[in-house]
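Reader: I would like to learn how to read a surface that faces DNA. Could you take me through one, step by step?

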There are 2 protein chains.
Amino acid sequence: MATVQISEAEWQVMNLLWHQQPLTAQEVIAALGEKNGWAVSTVKTMLHRLVKKGVLRFDQQGTRYVYSPRVRRADCVRDESRSFLKRVFAGEPATLLAHFLKTSRLSADEIADLRRILDQQEERS
Amino acid sequence: MATVQISEAEWQVMNLLWHQQPLTAQEVIAALGEKNGWAVSTVKTMLHRLVKKGVLRFDQQGTRYVYSPRVRRADCVRDESRSFLKRVFAGEPATLLAHFLKTSRLSADEIADLRRILDQQEERS
DNA sequence: AGGGGCCGTTTACGGTTGTAATCCGAGTGT
DNA sequence: ACACTCGGATTACAACCGTAAACGGCCCCT
């Protein structure tokens, strides 16, 4: 999919809408406005831009719009992850993984899960 | 340390200088210019901006400057990683780790290393 | 001494981002 | 009908970014 650039602030909006959709501008504002100290217009601008970028769409719902994602979160995560991996860890996933493994506090369950994934990785190679 | 924003393109310059320092503008251009299709002036601009941002410094070396990092790579990696983690993975390291574990091709050695880190993680908890 | 080069500095310019205020049309209460 | 309000659309504006040309000084060759 054509990958548009989603900015820091816009990610918050997208994350919300990936979580629950569709939402009206009001609902987005209610969910994110205060938390970020965003003015009403600020959120409206972001919704507008996201629509223009093609990652959100809106449907007329009576007098107002409801917004929903047009792109899958997984795709955006993939793109953003690739870019980050390349920029900060020279494209070396092992380095990235080591970094986050070392700097994160993980629960026993999480560690177990990660081990399991590693096992599967191993099988595949 | 006060965290300045290092842009995509600037990361490449910083990565080079973290790798070997100090370097003249010429050396930076030699290393990155062609690879990125950057004009000489482009690289000069980036060096200039990085100095202004306080992440690079220069020392007069005869008639020209040599540039070196003023901030530690580890600090920038930490900041950038935090921001990425928060933006894309809702601040959940386990989710991030799972993602990269699943989508990366890892060698047997790398997998072994990561296991070892996981073991240490476990001990600490 | 004059012309090139090389090098750092300044200026340029369009696009993106954060952050909003303002505008305008439609529905609503009186 | 008329003022008011709510919601989307338009306009604003500074900082940052990618990308680079133009400028001005210093050193070297002829």
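Author: Happily! The residues of the surface near DNA strand D divide into five nonpolar, eight polar and six charged. Here "near" asks for a heavy atom within 4 Å of the strand; Ala, Val, Leu, Ile, Met, Phe, Trp, Tyr, Cys and Pro are nonpolar, Asp, Glu, Lys and Arg are charged, and the others, Gly among them, are polar. This is a predicted model, in which local features need pLDDT of at least 70 and side-chain atom pairs pLDDT 80 or more, while totals for chains, interfaces and linings use all residues. Residues are numbered from 1 along each chain as written, chains are lettered from A and ligands numbered from 1 in written order, and side-chain values use heavy atoms, without hydrogens and water.

Reader: Which residues come nearest to DNA strand D?

Author: Of the 19 residues around it, those are A:K44, B:S7, B:T45, B:R49 and B:K53.

Reader: How do I read the polar contacts with DNA strand D?

Author: A polar contact is a pair of N or O atoms within 3.5 Å; within protein, one must be able to donate a hydrogen and the other to accept it, and sequence neighbours count only if both atoms are side-chain atoms. The side chain of A:K44 has an N or O atom 2.9 Å from a base nitrogen of DNA strand D. Phosphate oxygens of DNA strand D lie 3.3 Å from an N or O atom in the side chain of A:Q26 and 3.0 Å from a polar side-chain atom of B:T42.

Reader: What percentage of the atoms of DNA strand D within 4 Å of the protein belong to sugar or phosphate?

Author: The share is 56%, and the rest belong to bases.
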